[in-house]
Amino acid sequence: MGRWGRVINIKSPSWSPLKLSGCVLYLDSSMGVTLSSGYVSQWADQSGNGRHASQSTAAYRPLYVTNVLNGRPALRFDGSDDYLTFNASGMPSGSSPRTAIFVVKRTDTSRRGDVFSYRDTDTLYHAWGVTLDSGVLGDNDIFGNYWGVSIGQGGIADTNPMIISTTLPSTNVYSTRLWKNGTELTKSYHGNVDGTAATGTSQASIGVTTGLISDTAFKGDILFFAIYNRALSDAERQKVERWLGARYGITVA
Ligand SMILES: [Ca+2]
């Protein structure tokens, strides 16, 4: 040991978005993926809540593709019938605040591009979900039980890799915020947030809107997907976005 003692690494190399409190679902394509003949039968939730996303029907499983972004693998959804389901029970709903952050790369923006959704207990509508298209449930882009945030005709029609973040600080839909690669997007709003998440593995989907599979299928790659049961602060959200940007080689504002 020299005069100055050990060098202390003041950075935290092990930090990940999992370290933030309130993470209720955490899916990372670099871990917890179970394959069947090259397709994904399960994507294990790393949040500790056991909300593993899975698909029992072989034809509906997304393809696992290595070295998609910055050496990281992806789940490739075919835009036709591929999706995974998880249990919606206990997910943020009703008047509770929430955050979703994901990393995706669309390959066909003429498809609707629904990244996830989960159903309301009334089974007709949805407690929450995010699509990258417009024209959903009455021009909603982030939608619930007849509420939504519109981001204009065409939605986020971008085939570049992107980090999408959205927060809902309160039950008022007008409080919803939405960012692409760290830049906040202009929106318009309507309706109210009131859906209550249903119970059951078939009630929540990744890659489609639950119950509307053929109309809503996302076409492209999903690499990362996290949901929190609170609205992350701007500083927290930016920390996650920068971590994701470095991890996947995406420039963040
Ligand atoms: Ca398929």
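Strands β5 and β6 form a hairpin in which two residues lie between them, and Asn70 in the turn has a positive phi of about 55 degrees; helices (H or I, at least four residues) and strands (E, at least two) are here DSSP runs, numbered from the N terminus. The structure is a predicted model, in which local features need pLDDT of at least 70 and side-chain atom pairs count only at pLDDT 80 or more, whereas totals for chains, interfaces and linings use all residues. Residues are numbered from 1 along each chain as its sequence is written. Within the hairpin, β5 (residues 63-69) and β6 (residues 72-78) pair in the antiparallel sense over four bridges, two strands being taken as paired if DSSP finds at least two bridges between them. Tyr64, for example, has Leu75 in β6 as its bridge partner.

Positive phi values also occur at other positions. Most residues other than glycine have a negative phi. Asn67, which is placed in strand β5, nevertheless has a positive phi near 55 degrees, and Asn67 counts as exposed because it has 9 C-beta neighbours inside 10 Å. A residue is called buried if 20 or more other C-beta atoms lie within 10 Å of its own, exposed if 12 or fewer, and partly exposed in between, with C-beta atoms placed from the backbone. Ser37, in the loop between β2 (33-36) and β3 (39-43), likewise is not a glycine and has a positive phi of about 55 degrees; with 7 C-beta neighbours inside 10 Å, Ser37 counts as exposed.

The protein chain as a whole contains two helices and 18 strands, and 47% of its 253 residues count as buried. Of the contacts in the protein chain with a separation of 6 or more, 65% are accounted for by residues 24 or more positions apart, a contact being defined by C-beta atoms, placed from the backbone, that lie within 7 Å.

The largest nonpolar core, a set of buried Ala, Val, Leu, Ile, Met, Phe, Trp, Tyr and Cys residues joined through C-beta atoms within 7 Å, has 52 residues, of which Phe102, Val103, Val115, Tyr118, Ile222, Phe225 and Ala226 touch the most other members. Strand β18 (residues 219-228) gives the most to this core, contributing seven residues. When neighbours within four places in sequence are left aside, Val103 is in contact with Pro161, Ile163, Leu223, Phe224, Leu244 and Tyr248.

Ala100 is found in strand β8 (residues 98-106) and counts as buried because it has 22 C-beta neighbours inside 10 Å. Not counting residues up to four places away in sequence, Ala100 touches Val130, Thr166 and Ile227. Ala100 and Tyr228 are 128 residues apart in sequence, yet their C-alpha atoms are 6.5 Å apart in space.

Helix α2 (residues 234-248) has 15 residues and reaches 21 Å from its first C-alpha to its last, close to the 21 Å expected at 1.5 Å a residue, where the expected span is 1.5 Å times one less than the number of residues. Its buried residues are Arg237, Val240, Glu241, Leu244, Gly245, Arg247 and Tyr248. They lie on the same side of α2, because they cover an arc of only 165 degrees around the axis, the arc being that of the directions from the helix axis to the C-beta atoms. These buried residues pack against β5, β6, β8, β13 (162-168) and β18, while the face of α2 turned away from the buried side carries the exposed residues Ala235 and Ala246. Gly249, whose phi is positive, near 70 degrees, follows α2.

Methods:
Two residues are in contact if their C-beta atoms, placed from the backbone, lie within 7 Å.
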